[in-house]
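Visitor: Hi, I'm new to this one. Can you show it to me and walk me through the inside?
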Amino acid sequence: MPLDWDTLFPLNRYGQSEFLPSQEYARSEFERDFDRIIFSSFFRRLQNKTQVYPLPGSVLVHNRLTHSLEVSSVGRSLGRMCGSFILQKSPTLQKVLTQGDIGAIVAAAALAHDVGNPPFGHAGEDAISDFFKNGYGYNLTEDLPEKYKSDFENFEGNAHGFHLLTNTNSKNNLGGLHLTASTLLAFSKYPHHSTHSGFPKWGYFQAEAENMLKLANHAQLVEYEYGCYLRHPLAFLVEAADDICYQIMDFEDAFRLQLVTFQEAETLLQTIAAEEIRTYNYHHIQDANECIAYLRGRCINKLVHQVSQVFEEKMDTLLCPDDQPVFEPLIKSIPSAQSQVLKEIKIITRTRLYEHPHVLSMELDGNRQLQELLKVLIEALIENPNTTRSAKIKKFIPKQFIYEHLVRDPVSRYGVPGSGSSGDNGLYNQLMGIVCFVAGMTDLYVLDFSRKLGIAI
């Protein structure tokens, strides 16, 4: 059974038993979602989380915060453009939604798309995974059921982001930020669990399986495999906004860091922008950075229009259970002239920026620091909790991350560990509290917190 546009935009706020419309008419429900995210503490922490190039000094390159703001801006444009196609398909939705509402949903979801990233970017994900797959944590989790163990051995920032948005670990505030189901589903680019083998990424911890089930039921998402749901179509737009921004903006950062020449950057960006720049002579711009910035803007505009055209062409396919689980990102279906240049840009950015010795060195150092920090916290909270040192370390850890204070949904059809669990399930909850605490840290806070605990850096 395919998805239905008429059911895909529920206004229910997660954590509330019924929809209570706001009495504040200046903002739509989805604009309120955007505001709740931008004022949250975990969004603010993105300013001290690496995008690609850590500690760049005086050169102005992106961090996770600026990247998220840009992705949200592009997402809003994509949402508004594609919103017109959606409303044409569904006269029923025209009575309750506008193009602006659909743009606001994508903007809010895109704003939050990186909130779950651990310190040191994707290197942080690898560090946590390696700790449990090959390091000190391996023996600790070897007796856990596979579905619980996989949450740690294949740690995923997207799942941590879903956790942050839906769970405050507070008995007095169940439901996290109480975002609308529409925004949460657009955020969920990978609505399946860690043991699903069809995708390299996944979107929710076993501890949040019941949360994902509730959201899927709100929008009548198709469950094509146990615990794995079709994407909400707007999640493809969030993904596309991220793809556009990181490929073009990371390339611009490589130019600003003098890892790409002006001629290389100009030639490749000109090719993507094509007719976007034919009516404007940008060569009067004397500053090289401003010149490349102009071309970058024209490229993003071009790609936004091309992705929206792909969305319009593939709308029916996005609703189809048979096609969607293996559906490629929208940006892979843009015209070949731009697609080939993007591939070349990705190769250049990977070899000169992502694999730059400074980046690799910082990633290795971050890997060591995170693994050492996890080891110390596990020793203090799980293995040797009754020592004097452990008691002192415990005082530095916020209560919501300590097992006896954790709030979990009751055991669900997925066998998710409940708050009263013991044994293996209790260990899962203990580890999840520690891992979420560490994953929520900024790059600089890892260094500061390690010093406080007396960990050699």
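Guide: Sure. Keep in mind that this is a predicted model. Let's begin with empty space: the largest cavity has a volume of about 40 Å³.

Visitor: Okay, and how many cavities of 30 Å³ or more does the structure hold?
Guide: Just one.

Visitor: Which residues line the largest cavity?
Guide: Its lining is made up of N158, F162, F187, S188, K189, Y190, P191, G203 and M212.

Visitor: And how does that lining split up by class?
Guide: You get five nonpolar residues, three polar ones and one charged.

Visitor: Switching topic: in the largest nonpolar core, which residues touch the most other members?
Guide: Those are W5, F9, I86, L234, I248 and F311, in a core of 99 residues.

Visitor: Pick I248 for me. What does I248 touch?
Guide: Leaving out residues up to four places away in sequence, I248 touches L269, I272, R296, C299, I300, L303, L342 and I345. There is also a second, separate core with 43 residues, among them L144, L374, L431 and C436.

Visitor: Now helices. Which residues are buried in α18?
Guide: Helix α18 covers residues 443–452, and D443, V446, F449 and S450 are buried there.

Visitor: Where do the buried residues of α18 fall, seen down its axis?
Guide: They fall within an arc of 125 degrees, so they line one face of the helix.

Visitor: What comes just after α18?
Guide: G454 sits just after α18, and it takes a positive phi of about 75 degrees.

Note on methods. Residues are numbered from 1 along each chain as its sequence is written. This is a predicted model: local features need pLDDT of at least 70, side-chain atom pairs count only at pLDDT 80 or more; totals for chains, interfaces and linings use all residues. Side-chain values use heavy atoms; hydrogens and water are left out. A nonpolar core is a set of buried Ala, Val, Leu, Ile, Met, Phe, Trp, Tyr and Cys residues joined through side-chain atoms within 4.5 Å. Buried means under 20% relative accessible area, exposed over 50%, partly exposed in between (1.4 Å probe, protein chains only). Contact means heavy atoms within 4.5 Å. On a 1 Å grid over the protein atoms alone, a cavity is a set of points where a 1.4 Å probe fits but cannot get out, and a pocket is an open set with protein on both sides within 12 Å along at least five of seven lines; lining residues have an atom within 4 Å of a point. Grid points are joined across faces, edges and corners, and a volume is the space filled by probe spheres set on the points. Ala, Val, Leu, Ile, Met, Phe, Trp, Tyr, Cys and Pro count as nonpolar, Asp, Glu, Lys and Arg as charged, and the others, Gly among them, as polar. Helices (H or I, at least four residues) and strands (E, at least two) are DSSP runs, numbered from the N terminus. The arc is that of the directions from the helix axis to the C-beta atoms.
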